[in-house]
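Please open the model in your viewer and keep the sequence panel beside it. The stops below say what to select next and what is to be found there.

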Amino acid sequence: MKILIVDDEEMQRNMLQGFLEKQGFQTLTASGGQEALDLFTRHPVQLVLIDHRMEDMNGDVVLEKMKALSPLVKTIMITAYGSINTAVHVMKLGVNDFLEKPLDLEELLKKIRKFEQELDVQAEAEVVIESIQQQKFPFAIIGSSKKMQELLSMVCRLSPTEWSVLIRGETGTGKELIARLIHYMSHRKNERLIEVNCAAIPENLFESELFGHEKGSFTGASAQRKGRFELANKGSIFLDEIGELSLQFQAKLLRTLQEKKVTRVGGEIDIEIDTRVLAATNRDLKKMVEEGYFREDLYFRLNVLELIVPPLRERREDIIELADHFLKKYKFDVSFDPEALAQLVKYDFPGNVRELEHLVQRLGTMVRGKLIQLKDMPPLIREKKNNTGILTDRLSEVETEMLLNELEKNDWVQTKAAEALGISERVLRYKMNKANIKSKK
Ligand SMILES: Nc1ncnc2c1ncn2[C@@H]1O[C@H](COP(=O)(O)OP(=O)(O)OP(=O)(O)O)[C@@H](O)[C@H]1O
Ligand SMILES: [Mg+2]
């Protein structure tokens with residue numbers, strides 16, 4: 001990782017450079033804003049450490065320009081102690097983090113390590129997104145939010161393996177999309193991906209659907225038929241809504257997975273199959289196991305790797321991009337008014353991405369003119385008051401981190417932590433409660 005250090009105080013600059021190089025980072029230094037920008041345009045830098053107050057140009061102005069040039073660069077602003085108002089201000093500019101003077105080098109190092117991990121995640125997620133674009137898959141995936149980037153980086157790592165994957169998530173979050181992605185990112189991508197909706201197959205046809213049947217094996221079986229497992233040979237099978245499978249068929253499925261063989265209904269011979277299994281559910285399978293509705297052995301076999309697709313309300317950053325994506329997907333030549341978009345981001349979307357997709361289809365069809373306005377939105381969204389947004393989310397994330405930091409530093413003595421934070425103990429307790437931080441004392 002290459003780090004650019006920007007500070008007009010020579011001592012501070014040298015100290016940081018010495019420290020970071022000793023930790024094995026490559027560094028560049030600049031003594032002012034203009035010099036920093038010149039360096040930045042000429043060298044690929046992953047992280048910028050910048051002093052807020054500098055003679056020629058304030059740090060926030062410099063960072064804003066850098067972010068415009070390279071949105072993925074990570075930035076840490078160094079501010080004077082106690083200038084929390086400035087912190088709020090700089091966070092709005094998209095600064096990733098800030099540190100107060102005097103610098104705590106351990107804390108700095110911790111933040112840098114966190115960024116390194118995030119950059120790895122971003123790079124892996126990028127691999128997934130790029131390969132979708134290059135291979136011209138019949139689908140697109142939107143996922144710039146941190147949670148989706150983490151998910152996509154997992155997809156990148158587990159796709160080339162042979163392990164079974166269990167994909168969990170609320171309805172409409174994109175589980176099926178993720179299953180397809182795994183198949184198309186795997187070595188099996190040129191073979192078939194066979195999808196089976198376990199909830200949609202009638203009980204009495206299940207066995208024949210999955211394992212096939214021989215001619216005359218039951219009334220209506222007028223010809224031999226291959227089952228889905230056989231069709232998915234060498235490819236992948238996607239068992240959707242796996243939580244809806246009856247106990248009887250869970251047993252049959254387990255045997256197939258264990259033995260890697262199927263027998264057609266009415267057939268004599270075992271047919272070997274080589275199929276990667278992907279499964280999805282919106283149910284809590286673990287709880288179903290505890291309650292006796294789902295076989296534990298089958299659960300473990302499917303759940304070698306687990307992916308959780310986060311609900312849309314936990315990645316509101318994606319809402320705007322998804323809304324635009326769906327307008328394009330359905331070829332609507334309209335756009336959202338900023339006020340309407342802002343309101344859309346506040347809504348919780350219990351039906352997740354699918355609900356958003358349907359909403360965009362409806363709005364795109366019904367709107368008069370080229371602009372979807374607030375008044376065109378359904379009342380449920382129009383009247384949504386709760387103002388959680390990207391910035392509030394990010395700010396509370398930072399606040400939680402600050403609380404945890406001070407508590408750790410002060411051995412979890414709340415009086416001391418409160419004093420260091422400049423708030424009363426009562427406010428500290430309130431904030432801890434809100435952030436779900438449990439006292440360790
Ligand atoms: N990240 C995304 N980018 C683009 N489109 C998405 C994304 N996630 C989901 N979609 C779209 O949203 C719709 C619902 O996704 P999908 O069917 O994969 O959800 P699901 O989790 O399988 O839902 P269910 O639980 O109801 O089966 C699909 O049309 C899908 O293409
Ligand atoms: Mg689905």
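Select L72 and display its surroundings: not counting residues up to four places away in sequence, L72 touches L119 and Q122, where contact means heavy atoms within 4.5 Å. L72 is found in the loop between α3 and β4, helices (H or I, at least four residues) and strands (E, at least two) being DSSP runs numbered from the N terminus. At 56% relative accessibility L72 counts as exposed, on a scale where buried means under 20% relative accessible area, exposed over 50% and partly exposed in between (1.4 Å probe, protein chains only). If you draw a distance from L72 to Q26, which lies 46 residues away in sequence, the C-alpha atoms turn out to be 18 Å apart.

Before going further, keep in mind that this is a predicted model, in which local features need pLDDT of at least 70 and side-chain atom pairs count only at pLDDT 80 or more, whereas totals for chains, interfaces and linings use all residues. Residues are numbered from 1 along each chain as its sequence is written, chains are lettered from A and ligands numbered from 1 in the order in which they are written, and side-chain values use heavy atoms, with hydrogens and water left out.

**The sheet**

Now select strand β4, residues 74–79, where six of six residues are buried. Both faces of β4 are covered, with K74, I76 and I78 buried on one side and T75, M77 and T79 buried on the other. Add strand β3, residues 47–51, which runs parallel to β4 and is joined to it by five bridges; two strands pair if DSSP finds at least two bridges between them. As a landmark for this pairing, L47 has K74 as its bridge partner in β4.

Stay in strand β3 and pick V48, which is buried, with a relative accessible area of 0%. Leaving aside neighbours within four places in sequence, V48 is in contact with L4, V6, F40, L63, M66, V73, K74, T75 and I76. For a sense of scale, the C-alpha atoms of V48 and D324 are separated by 31 Å, with the two positions 276 residues apart along the chain.

Widen the selection to the open sheet, in which five strands follow the order β2-β1-β3-β4-β5 with parallel pairing. Strands β2 (26–30) and β5 (97–100) stand at the edges with a single partner strand each, so one side of each is left without a neighbour in the sheet. Neighbouring strands of this sheet are turned by 20° against each other on average, direction ignored. At the β2 edge, five bridges join β2 to the parallel strand β1, residues 2–6, and V6 has A30 as its bridge partner.

Next show helix α2, residues 33–42, which lies across β1, β2 and β3 and runs at about 140° to β2; axes are lines fitted to C-alpha atoms, for helices over the stretch in contact, and angles run from 0 to 180 degrees between N-to-C directions. Helix α3, residues 59–69, also packs on the sheet, where it touches β1, β3 and β4 and makes about 160° with the direction of β3.

**Two helices that cross**

Move to helices α18 (residues 414–421) and α19, whose axes come within 9 Å and cross at roughly 95°. The two helices are therefore roughly perpendicular to each other, a label given to angles of 65 to 115 degrees. To see the contact, select Q414, T415, A417, A418 and L421 of α18 together with E425, L428, R429 and M432 of α19.

**Salt bridges**

Which residue pairs with K431 in a salt bridge? The partner is E399, with the closest N and O atoms 3.4 Å apart, and a salt bridge here is a side-chain nitrogen of Lys or Arg within 4 Å of a carboxyl oxygen of Asp or Glu. This pair links helix α19 (residues 425–434) with helix α17 (residues 390–409), across 32 residues of the chain.

Then select R313 and E170, whose side chains meet in a salt bridge at 2.7 Å, N to O. R313 lies in the loop between β14 (305–308) and α13 (317–329), and E170 in the loop between β6 (165–168) and α7 (175–184), 143 residues apart.

Finish at K370 and D333, which form a salt bridge with the closest N and O atoms 2.8 Å apart, and which are both exposed.

Key
Parallel < 35°, antiparallel > 145°, perpendicular 65-115°, else oblique.
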